[in-house]
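Me: Please take a close look at one part of this structure and work outward from there. I would like the surroundings described as well.

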Amino acid sequence: MKILFAVFLVVHGLIHLMGTAKAFGVVGILWLLAAALLVVTAIALFTWPQWWWAVGAGAIVVSQAAIVTSWSDARYGTI
């Protein structure tokens, strides 16, 4: 189950790269940071099992901030 969750996190991070490709400037960096944090969360799930959730919480906050900047295109990401 842990591996499946890690795969989900990585795939979600890859989806954020589409936002990076579409956005420019600070917003593009926000999308890229969200993608990186999601991948780091998947890695931390195995390498830092007691604190992976802290990295994940940061990923959620940055991801939601990126979604808000592109609400019309990415609002379903909030679900």
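Reply: **One alanine and its surroundings**

Ala-65 is located in helix α3 (helices are DSSP runs of H or I with at least four residues, strands runs of E with at least two, numbered from the N terminus). The model is predicted, so local features need pLDDT of at least 70 and side-chain atom pairs count only at pLDDT 80 or more, while totals for chains, interfaces and linings use all residues. Residues are numbered from 1 along each chain as its sequence is written, and side-chain values use heavy atoms, with hydrogens and water left out.

Ala-65 has a relative accessible area of 33% and is partly exposed (buried is under 20%, exposed over 50%, partly exposed in between, with a 1.4 Å probe and protein chains only). From Ala-65 to Ala-34 the C-alpha distance is 9.0 Å, with their positions 31 residues apart in sequence.

Helix α3 spans residues 52-69 and contains Trp-52, whereas Phe-5 lies in helix α1, residues 2-22. Phe-5 and Trp-52 form an edge-to-face aromatic pair, 5.7 Å from centre to centre and with 75° between the planes (ring centres of Phe, Tyr and Trp, the last by its six-membered ring, lie within 6.5 Å; planes under 30 degrees apart are stacked, over 60 edge-to-face, the rest tilted). Because these rings sit in helices α1 and α3, the pair ties together parts that are 47 residues apart in sequence. Phe-5 is partly exposed at 34% relative accessible area, and Trp-52 is partly exposed at 25%. Ring pairs join Phe-5 and Trp-52 with Phe-8 in a cluster; the whole structure has three aromatic pairs.

Helix α3 is the place of Ala-65; Ala-42, by contrast, is in helix α2 and is buried, at 4% relative accessibility. Ala-42 and Trp-31 are 11 residues apart in sequence and 17 Å apart from C-alpha to C-alpha. Ala-42 belongs to the largest nonpolar core, whose six residues also include Ala-6, Leu-9, Leu-38, Leu-45 and Ala-59 (buried Ala, Val, Leu, Ile, Met, Phe, Trp, Tyr and Cys joined through side-chain atoms within 4.5 Å). Helices α1 and α2 each supply at least two residues of this core, and α2 gives the most, with three.

On the surface, Ile-3, Val-7, Val-11, Ile-15, Met-18 and Phe-46 form a nonpolar patch with about 590 Å² of accessible area together. Helix α1 contributes the largest share of the patch, five residues. Val-11 is in helix α1 and is partly exposed, at 41% relative accessibility.

As for confidence, the protein chain has a mean pLDDT of 89, and 92% of its residues reach 70 or more (pLDDT is the predictor's confidence in each residue, from 0 to 100). Among the elements of the chain, helix α2, residues 25-47, has the highest mean pLDDT, 94, and helix α4, residues 71-74, the lowest, 71. Where pLDDT is low, the predicted coordinates should not be read in detail.

Terms used
Patches are made of residues with over 30% relative accessible area and no salt bridge: like charges are joined within 9 Å, nonpolar side chains (Val, Leu, Ile, Met, Phe, Trp, Tyr) within 5 Å. Accessible areas come from the Shrake-Rupley method with a 1.4 Å probe; for residues, only the protein chains shown count as cover. A salt bridge is a side-chain nitrogen of Lys or Arg within 4 Å of a carboxyl oxygen of Asp or Glu.
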